Amino acid sequence: MMDSFMDKLAEKVSASDIIRANAQAEAAETERLRQEAEQFRTQLEQLKESEKEHRAIIEETRDSLNSRMDDNESKIHDVGVQVYRNVQAIVEKSREKSEEGFKELDNRLETLQYAVESKNKAVTPLVVITLLIALSDLVFNILRFLGVI
């Protein structure tokens, strides 16, 4: 029975049918590959467009970052200048206070020197008078000891 079935099948399927079936299969495979290639082309174009968009975004981000960095550098410079000026002002005030303190000390020293000098001037005659009295007392005692007086 199997042989008769194969014979019948072989009669129905001829070489031209096999060639035609192969051609149709090849055509279907070729169409599938063409569609797949077209999908790949479409995806490639989408990727290229996406790449252009990403490059534009990257460039925009780069410009934005450069701008921010420039702004930050400017702000840092401004803050640095402000700090420098503040420190300079503090140092200047401190120097002025020190100068005022030195002037006050200098004035006190001059006052003290004047007081010492004026006291010394007042004491000098007193010392001279005391020395003269002591000397005259010594002379008087020596003369009494010698029996002159």
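This passage describes the salt bridges and a nonpolar surface patch in a predicted model.

Salt bridges were searched for across the whole structure, and 10 were found. Three of these pairs are described in turn, each with both partners in helix 2. Helix 2 covers residues 15–146.

The pair Glu31 and Arg34 forms a salt bridge. Its closest N and O atoms lie 2.5 Å apart. The two residues are separated by 3 positions in helix 2, about one turn of the helix. Glu31 has a relative accessibility of 32% and therefore counts as partly exposed. Arg34 has a relative accessible area of 46%, so Arg34 is partly exposed too. Both values fall between the cut-offs of 20% for buried and 50% for exposed.

A second salt bridge joins the side chains of Glu59 and Arg62. Here the N to O distance is 3.0 Å. Again the partners sit 3 residues apart in helix 2, about one turn of the helix. Glu59 is partly exposed, because its relative accessible area is 36%. Arg62, with a relative accessible area of 44%, is likewise partly exposed.

Further along the numbering, Arg95 and Glu99 meet through their side chains in a salt bridge. The N to O distance is 2.4 Å. The spacing in this pair is 4 residues, about one turn of the helix, and both residues belong to helix 2. Arg95 is partly exposed at a relative accessible area of 36%. Glu99 is also partly exposed, with a relative accessible area of 36%. Besides such pairs, a network occurs: Glu29, Arg32 and Glu36 are joined into one by salt bridges that share partners.

The surface also carries a nonpolar patch. Its members are Leu135, Leu138, Val139, Phe140, Ile142, Phe145, Leu146, Val148 and Ile149. Together these residues have about 950 Å² of accessible area. Phe140, one of the patch residues, is placed in helix 2. The relative accessible area of Phe140 is 37%, so this residue is partly exposed. A patch residue needs over 30% relative accessible area, and the value of 37% for Phe140 therefore meets that cut-off.

Note on methods: Residues are numbered from 1 along each chain as its sequence is written. This is a predicted model: local features need pLDDT of at least 70, side-chain atom pairs count only at pLDDT 80 or more; totals for chains, interfaces and linings use all residues. Side-chain values use heavy atoms; hydrogens and water are left out. Patches are made of residues with over 30% relative accessible area and no salt bridge: like charges are joined within 9 Å, nonpolar side chains (Val, Leu, Ile, Met, Phe, Trp, Tyr) within 5 Å. Accessible areas come from the Shrake-Rupley method with a 1.4 Å probe; for residues, only the protein chains shown count as cover. A salt bridge is a side-chain nitrogen of Lys or Arg within 4 Å of a carboxyl oxygen of Asp or Glu. Buried means under 20% relative accessible area, exposed over 50%, partly exposed in between (1.4 Å probe, protein chains only).
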